[in-house]
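The following exercises ask the reader to work through selected elements of a protein model. Each task is followed by a solution in steps.

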Amino acid sequence: MGALRFYAPPIERLSRRFDAAYVVDYDQVPRRSKVQHDGEILSIEFEGDDSVKLRIPWNVDEFQSYFLATCSLRPRSEPYHLALEVARGVLSRLKALIAVCDGVDIEQTEAFYAALGDAIEAFTIAATSDHHSEASQSAAQECIGHTAEAFAQLTNVYRDAAIDFIQEHAPHRTFLYGVNIRNAHPSADASALLRPAFNTAVVSPVWKDCEPNEGHFDFEKVREQIRWCRSQGMRVVGGPVANLDDLNVPDWLYLWDNDFNSLLGFQLQFVETATRNLHGMTDLWYCSSGVNTTRAFHLTEEQQLRLLVGSIETMRRNDPQTPVLVSFDHPWGDYLSHAHRDLAPIHFAEEIVRANLGVTGVGVELNFNDCEGAIFPRDPFEVIRLLDQWGMLGLPLFVTLTFPSSRRFDKRAAHQISDHESPTFPISRRRQRQFVESLVPLILSHPQTQAIFWNQFTDATAHVYPNAGLFDRRDRPKSTLRSLREIRQHYLT
């Protein structure tokens, strides 16, 4: 076992989720980690004894909280200084990105260089002062804030340069820009708002609705939804079909929780029946989402792989022409830091790609929220780095995305946002809109990304993540929908 120790700010000055910190190795895969804070020293014990990077939730300022990372650190008995190492890590990442931009002649703004200069000056003070002093701690935090501002300035320049490159070299790129309506049927008013915002709809044949009783199938409601999508001029993505979350599986399936072979048989039967009943009605099949983090059943990694492989093979056998997508939850693999698992999400995906099953696209699920099952926010360039990593699989990428708009209780959500008096990160309708405006255009600019799907249509029907829909619990549109429409009009038309 290895260990990193840090002189850390008091717990009340850290993110409330500091205990979600973990370490990653050279290929960014999380190590199993144990975090403790005794009031002065933050300790992280982890498997192995080589150099690692610490990733930790951090309050950048009163409006932003992200997972931030240090540079590589070797285990030693003398504690490091946490704020200083986090500042060093974010400044190092910024400088690396500047080198990339300079290499392709992307010019920066005066505001960027001003923020960069302030960040370097603050880091110099933090690094040369007594590291235990308040002056050093404050300067390190200022460095982190100025670096965040520099990243924000860089985002716009980097995005525009990347999109200009794509438009020049792939002017006719087909991009799917959609929303997951799941099993909802949008009203006439909602339809009028969705039509100019999206060119694609994700329609889910929800297992519990399509097979409420074992062996009795009914896909007519799904067909109606698909016909509605066609009437709106939208492409149709059918799925996820093989989805084992609590909102999807029928109640009777839980009787077979401890019988994997029966569970596998029922799922493959449903996939086959759904594919046959909806054959020719979809432009893409979305086979499965989040199988790597399935919580509804007690499955080993081998069983998860067997479920996914079997579902893909069944789908391809019954519809060999329609492209098939699969996606993976928690793509940074945060859960590996506290779970007895061997496969990181990207390694899970790599197994599927190498098996040559006919998968034509791989997705990452970015469901940011302050609740069970969701992931802590990352800054936009950390998302781009993730897409670069997943792009090495050699397949087109698609991104499913959500972010909450309120901290209030959501009676139709499977999970609830923590009601702790100290929020882990700011949540409001304005913050949801700002999140979309900063991140979505940057995802669009990634050359291997071919689709973005907002993963939750409305808060008015049953859903997984609290307050993350584009329509509220009374089915009224949120301002985020307008932002998504404007992004489409600006970048995709």
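**Exercise 1.** In this predicted model, determine whether strand β5 (residues 53-59) is enclosed or open to its surroundings.

*Solution.* Residues count as buried when their relative accessible area is under 20%. In β5, 5 of the 7 residues meet this criterion, so the strand is largely enclosed by the rest of the structure.

**Exercise 2.** Establish which strands pair with β5, and in what order the strands of the sheet lie.

*Solution.*
Step 1. Strand β2 (residues 22-24) is joined to β5 by 3 bridges in the antiparallel sense. Within this pairing, valine 24 has lysine 53 of β5 as its bridge partner.
Step 2. Strand β6 (residues 65-69) also runs antiparallel to β5, through 5 bridges. Here tryptophan 58 is matched with tyrosine 66 of β6. The connection from β5 to β6 is a hairpin of 5 residues.
Step 3. The result is an open sheet of 3 strands in the order β2-β5-β6, with antiparallel pairing. Its edge strands are β2 and β6, each of which pairs on one side only. On average, neighbouring strands of the sheet are turned by 35° against each other, direction ignored.

**Exercise 3.** Identify the strands across which helix α1 (residues 82-103) lies, and give its angle to β5.

*Solution.* Helix α1 lies across β5 and β6, and runs at about 100° to β5.

**Exercise 4.** Describe the packing of helix α11 (residues 429-444) against helix α12 (residues 479-491).

*Solution.*
Step 1. The two axes come within 9 Å and cross at roughly 20°. Angles under 35 degrees count as roughly parallel, and α11 is therefore roughly parallel to α12.
Step 2. The crossing of α11 past α12 is right-handed.
Step 3. From α11, the contact involves Arg429, Gln432, Arg433, Val436, Glu437, Val440, Pro441 and Leu444. From α12, the contributors are Ser479, Thr480, Ser483, Leu484, Ile487 and Tyr491.
Step 4. Sorted by character, the residues of this contact comprise 7 nonpolar, 4 polar and 3 charged.

**Exercise 5.** Is proline 345 buried or exposed, and which residues beyond its neighbours within four places in sequence does proline 345 contact?

*Solution.*
Step 1. Proline 345 belongs to helix α9 (residues 345-354).
Step 2. The relative accessible area of proline 345 is 1%, and the residue is therefore buried.
Step 3. Leaving aside neighbours within four places in sequence, proline 345 is in contact with Asn292, Phe328, Asp329, His330, Pro331, Gly333, Tyr335, Leu336 and Trp390.
Step 4. Isoleucine 375 lies 30 residues away along the chain, and its C-alpha atom is separated from that of proline 345 by 14 Å.

Technical notes:
Residues are numbered from 1 along each chain as its sequence is written. This is a predicted model: local features need pLDDT of at least 70, side-chain atom pairs count only at pLDDT 80 or more; totals for chains, interfaces and linings use all residues. Side-chain values use heavy atoms; hydrogens and water are left out. Axes are lines fitted to C-alpha atoms, for helices over the stretch in contact, and angles run from 0 to 180 degrees between N-to-C directions. Helices (H or I, at least four residues) and strands (E, at least two) are DSSP runs, numbered from the N terminus. Angles under 35 degrees count as roughly parallel, over 145 as roughly antiparallel, 65 to 115 as roughly perpendicular and the rest as oblique. A crossing is left-handed if the near helix is turned anticlockwise from the far one by less than a right angle, and right-handed if clockwise. Contact means heavy atoms within 4.5 Å. Ala, Val, Leu, Ile, Met, Phe, Trp, Tyr, Cys and Pro count as nonpolar, Asp, Glu, Lys and Arg as charged, and the others, Gly among them, as polar. Buried means under 20% relative accessible area, exposed over 50%, partly exposed in between (1.4 Å probe, protein chains only). Two strands pair if DSSP finds at least two bridges between them.
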